[in-house]
Amino acid sequence: MSGLFLYMTKINDVYLHPRFEFGTTDKASVTDMPFMTDDEKLRLALWMNGILDGEEHEGLNKPSWTNGGQVIPKTQAYQDNNVWHYHCGPYTSAYANHRMTDSLLSENNQGKSSPEIYHYAKQQDVIIVLGFSRSHLPFPDATSKTNPIRNRSYSWRSAIPPTVHG
Amino acid sequence: MANFNLAIAANPARKSATRRTETVAAAPTSAQARADKEMHKEIGDRARTTYDLSSMTRFNRSMTRDEIIAKVMGKKVEEIFSL
């Protein structure tokens, strides 16, 4: 079984979803890259670089369909598309005993939290950054057809033939 | 198959030793079993989702930190830090 996991020692590629990279949404709940400040973009770049370098990260990291191990109602879209989020900072509270998120971006509920988060989808040893929230509460509704994160997570699945993704 | 049966019949001690070995197979600890189960679920979750990545901007491990910063910010690193 250990051989099965050898390829998962690092995330090999990080992609930017085009509707995030070139998008037109400029709200606190979803801010696309053209509307991010230089500081926010630099923070994103350093996070991506750290992931590709196999580094640990200090922020909280979790699936977007669970809370404390319990499935959050009406979050099927996030679960179907394996959408997670990472608390990217800046971190304003004092943290004495936070835990680091590992280089595979495994679940870590003891990381530092911040209003700012990155939404991303995991696929094998690849992640796709779907969006950025300056303030993630209330959390983007997984059942809302006007939620860009939900729609982005589905859009690339529907664009390819069913036989490819089963 | 016939030879195998004959061997066991001729040597009952060998037969019992073989059985004992089979029953002694180590069971995983509950913590290990839980970790394995979580890892399986993690792989399953990742494998279930497939995206068309061809039109997305890609960053990989061969890129330097400065290259990644420049690509995300649309500026050369020298420009960013001279501001």
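Trainee: Is A:Asn82 buried or exposed?

Mentor: In this predicted model, A:Asn82 is buried, with a relative accessible area of 1%.

Trainee: Where in chain A is A:Asn82 found?

Mentor: A:Asn82 sits in the loop between α4 and β5 of chain A. Its phi is near 55°, which is a positive value in a residue other than glycine.

Trainee: What about A:Leu105, what is its phi?

Mentor: Phi of A:Leu105 is near 60°, again positive in a residue other than glycine. A:Leu105 belongs to the loop between β5 and β6 of chain A. It is buried, with a relative accessible area of 0%.

Trainee: What else lies in the loop between β5 and β6 of chain A?

Mentor: A:Pro90 lies there, and the peptide bond leading to A:Pro90 from A:Gly89 is cis, with omega near 10°. A:Glu116 has its place in that loop too.

Trainee: Which side chain of opposite charge is nearest to A:Glu116?

Mentor: That is A:Arg134, 6.9 Å away. A:Glu116 is buried and has no salt bridge. A salt bridge here needs a side-chain nitrogen of Lys or Arg within 4 Å of a carboxyl oxygen of Asp or Glu.

Trainee: And what does A:Glu116 touch?

Mentor: Setting aside residues up to four places away in sequence, A:Glu116 touches A:Tyr86, A:His87, A:Cys88, A:Gly89, A:Pro90, A:Phe132, A:Ser133 and A:Arg134. That list includes both A:Gly89 and A:Pro90, the two residues joined by the cis bond.

Trainee: Which residues does the cis bond with omega of about 0° join?

Mentor: A:Leu137 and A:Pro138. A:Pro138 is in the loop between β7 and α5 of chain A, and that α5 covers residues 148-158.

Trainee: Switching to helices. How far apart are the end C-alpha atoms of α3 in chain A?

Mentor: They are 21 Å apart. Helix α3 of chain A runs over residues 38-52, and at 1.5 Å a residue its 15 residues should span 21 Å, so the two values agree.

Trainee: How many of its residues are buried?

Mentor: In α3(A), 11 of the 15 residues are buried, so the helix is largely enclosed by the rest of the structure. Among the buried ones are A:Leu44, A:Trp47, A:Met48 and A:Leu52. Just after α3(A), A:Gly54 takes a positive phi of about 75°.

Trainee: Which residues have the most contacts inside the largest nonpolar core?

Mentor: A:Leu44, A:Trp47, B:Phe59 and B:Val72, in a core of 45 residues. Elements of chain A that each supply at least two residues include β1, α3, β6 and β7, and in chain B α4 and α5 do so as well. The most comes from α3(A), with seven residues.

Trainee: What is B:Phe59 in contact with?

Mentor: Leaving aside neighbours within four places in sequence, the chain A contacts of B:Phe59 are A:Asn12, A:Asp13, A:Val14, A:Leu16, A:Met48 and A:Leu52. In chain B, the contacts are B:Ile68, B:Lys71 and B:Val72.

Trainee: How many helices and strands are there in chain B?

Mentor: Chain B has five helices and one strand. Along the sequence the pattern is α-α-α-β-α-α.

Trainee: And what share of chain B is buried?

Mentor: Of the 83 residues in chain B, 24% are buried. The chain exposes about 6,100 Å², with carbon and sulfur atoms supplying 57% of that area.

Methods:
Residues are numbered from 1 along each chain as its sequence is written. Chains are lettered from A and ligands numbered from 1 in the order in which they are written. This is a predicted model: local features need pLDDT of at least 70, side-chain atom pairs count only at pLDDT 80 or more; totals for chains, interfaces and linings use all residues. Side-chain values use heavy atoms; hydrogens and water are left out. Helices (H or I, at least four residues) and strands (E, at least two) are DSSP runs, numbered from the N terminus. The expected span of a helix is 1.5 Å times one less than its number of residues. Buried means under 20% relative accessible area, exposed over 50%, partly exposed in between (1.4 Å probe, protein chains only). A nonpolar core is a set of buried Ala, Val, Leu, Ile, Met, Phe, Trp, Tyr and Cys residues joined through side-chain atoms within 4.5 Å. Contact means heavy atoms within 4.5 Å. Lys and Arg count as positive and Asp and Glu as negative; His and the chain ends are not counted. Accessible areas come from the Shrake-Rupley method with a 1.4 Å probe; for residues, only the protein chains shown count as cover.
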